Amino acid sequence: MLCVPVRRGLGPLCRAGPLSAWTRPQSRSAARGPDLSGIYPPIATPFTPGEDVDYRKLEENLRKYAEIPFRGLVVQGSNGEYPYLTEEERVEVVETVRRSLPTDKLLMAGSGCESTRATLRLTEKMAAAGADVALVVTPCFYKGKMDGAALTQHFTKVADGSPVPVVLYSVPANTGLELPLDAVVRLAQHPNILGIKDSGGDISRIGLIVHRTSSQDFQVLAGSAGFLMAAYSVGAVGGVCALANVLGRELCELASLCASGRWEEARRLQQRLIEPNAAVTRKLGVPALKQAMEWFGFHGGACRSPLQPLSEAEAQQLRRDFSSDGWL
């Protein structure tokens with residue numbers, strides 16, 4: 001089991017002056033940040049037939065997740081449909097998860113918004129709601145102007161003011177932009193930035209991030225189960241994987257195999273996870289993830305509009321993608 005105790009009560013870090021003055025402590029105990037190693041499901045948000053957040057079903061899912069050796073949960077990530085929730089709903093979902101989450105599990109809360117000011121405000125609210133770490137996605141509406149300098153300034157200001165450590169979030173499939181490598185390396189020096197969730201799937205980039213931040217105690221999480229083993233092989237410490245909402249034990253087993261160097265067993269398991277993972281991510285997305293959750297005993301249900309349910313043909317394809325590798 002890939003768990004370590006979480007140190008709570010992290011206070012805000014003071015500004016260290018200009019970027020050139022940043023110094024990251026050389027030990028994690030000095031940095032006061034948790035070890036991120038392990039698997040996190042980016043949990044889905046269940047809704048009632050009227051599209052209100054269904055907190056009862058959410059709590060039932062949480063009780064089932066508590067039986068799986070996850071390192072923690074990601075709340076209000078892409079699979080939580082956070083763009084469709086109000087700020088109040090986003091905070092209330094985090095509060096609900098915090099009440100149910102065992103104390104040895106890490107709560108990573110998505111707090112990214114389009115403006116730096118709004119991101120910092122929501123990050124502070126997520127920390128007050130019980131988040132241990134803030135997961136901050138790249139702003140993207142004005143993507144043509146979101147170059148390395150703009151993104152470095154954005155994440156620096158958020159990390160300067162955040163009461164909890166920050167994890168960068170690069171998800172080009174949704175945002176249309178990738179957090180530049182040089183910006184990641186620069187931001188890795190900030191004492192309140194713990195790591196990055198990289199969902200792009202470029203293993204050479206992940207390996208280079210690990211290599212170029214090796215002296216900074218910077219932690220890299222794979223953003224998908226489809227390349228989890230490959231990411232571990234180049235130095236990632238874990239993964240935030242949509243498929244973990246459905247096959248959580250299997251993803252934790254894959255992480256354990258990789259961490260212990262049992263690569264042949266890991267390879268066989270990884271190969272069986274590629275097709276179902278693709279089905280609930282790039283092929284069919286969140287509606288497919290929620291449908292698969294229903295098949296495996298969790299509450300998925302409908303998405304909030306304008307996301308539409310799967311067509312009959314899509315549902316049949318989803319079932320084939322899980323059945324062909326023996327999961328159904």
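**Exercise 1. A pair of helices**

Helices α4 and α5 are roughly parallel to each other in this predicted model; derive that description from the geometry of their axes, and then work out what kinds of residue make up their contact.

*Solution.* Step one is to locate the two elements, which are α4 at residues 116-129 and α5 at residues 148-161. Step two is to take the axes, which approach to within 9 Å and cross at roughly 30 degrees. Step three applies the cut-off: because angles under 35 degrees count as roughly parallel, the pair α4 and α5 is classed as roughly parallel. The sense of the crossing is a separate property, and for α4 and α5 it is right-handed. Step four lists the partners: on the α4 side they are T116, T119, L120, T123 and E124, and on the α5 side they are H154, K157, V158 and G161. Sorted by character, the residues of this contact are two nonpolar, five polar and two charged.

**Exercise 2. A second pair of helices**

Determine how the directions of α11 and α13 are related, parallel or antiparallel, and state which residues bring the two helices together.

*Solution.* Step one is again the axes: those of α11 (residues 263-283) and α13 (residues 312-323) come within 7 Å and cross at roughly 150 degrees. Step two is the classification, in which an angle over 145 degrees counts as roughly antiparallel, and α11 and α13 are therefore roughly antiparallel to each other. Step three identifies the contact, where E275, P276, A279, V280 and K283 of α11 meet Q317, L318, D321 and F322 of α13. The residues of this α11 and α13 contact divide into five nonpolar, one polar and three charged.

**Exercise 3. The whole chain**

Decide how the radius of gyration of the protein compares with what the globule rule gives for 328 residues, and describe the fold around that number.

*Solution.* Step one is the inventory of secondary structure, which amounts to 13 helices and eight strands. Step two sets the radius of gyration, 19 Å, beside the 20 Å given by the globule rule for 328 residues; the two are close, so the protein is as compact as a globular protein of that length. Step three adds the extent of the C-alpha trace, about 55 × 45 × 40 Å along its principal axes. Step four turns to the interior, where 55% of the 328 residues count as buried. Finally, among contacts with a separation of 6 or more, 75% are between residues 24 or more positions apart.

**Exercise 4. The covering of a helix**

Find how many residues of α12 are buried, and which elements cover them.

*Solution.* Step one is the count: α12 is mostly covered, with eight of its eleven residues buried. Step two names the buried residues, which are G285, V286, P287, A288, L289, K290, A292 and M293. Step three looks at their surroundings, since the cover over these residues includes α2 (55-65), α11 and α13. Step four follows the chain onward from α12 to G297, whose phi is positive and near 90 degrees. Further on, in the loop between α12 (285-295) and α13, lies P306, and the peptide bond joining S305 and P306 is cis, with omega about 20 degrees.

**Exercise 5. Positive phi in one loop**

Establish where Q76 lies and where E81 lies, and whether E81 is buried or exposed.

*Solution.* Step one places Q76 in the loop between β2 and α3, and E81 is found in the loop between β2 (72-75) and α3 (87-100). Step two reads the backbone: phi is near 70 degrees for Q76, a positive value in a residue other than glycine, and phi is near 60 degrees for E81, likewise positive and not in a glycine. Step three applies the burial cut-off of under 20% relative accessible area, by which Q76 at 2% is buried and E81 at 3% is buried as well. Step four gives the neighbours of E81 beyond four places in sequence, namely T45, F47, V286, K290, C303, R304 and L307. Two of these, V286 and K290, are among the buried residues of α12.

**Exercise 6. A cysteine in a loop**

Work out whether C140 counts as buried or exposed, and which residues it is in contact with.

*Solution.* Step one places C140 in the loop between β4 (133-137) and α5. Step two takes its relative accessibility, 18%, at which C140 counts as buried. Step three sets aside neighbours within four places in sequence, which leaves contacts of C140 with E114, T175 and L177. As a last distance, the C-alpha atoms of C140 and V167, 27 residues apart along the chain, are separated by 17 Å.

Methods. Residues are numbered from 1 along each chain as its sequence is written. This is a predicted model: local features need pLDDT of at least 70, side-chain atom pairs count only at pLDDT 80 or more; totals for chains, interfaces and linings use all residues. Side-chain values use heavy atoms; hydrogens and water are left out. Axes are lines fitted to C-alpha atoms, for helices over the stretch in contact, and angles run from 0 to 180 degrees between N-to-C directions. Helices (H or I, at least four residues) and strands (E, at least two) are DSSP runs, numbered from the N terminus. Angles under 35 degrees count as roughly parallel, over 145 as roughly antiparallel, 65 to 115 as roughly perpendicular and the rest as oblique. A crossing is left-handed if the near helix is turned anticlockwise from the far one by less than a right angle, and right-handed if clockwise. Contact means heavy atoms within 4.5 Å. Ala, Val, Leu, Ile, Met, Phe, Trp, Tyr, Cys and Pro count as nonpolar, Asp, Glu, Lys and Arg as charged, and the others, Gly among them, as polar. The radius of gyration is taken over C-alpha atoms; the globule rule is 2.2 Å times the number of residues to the power 0.38. Buried means under 20% relative accessible area, exposed over 50%, partly exposed in between (1.4 Å probe, protein chains only).
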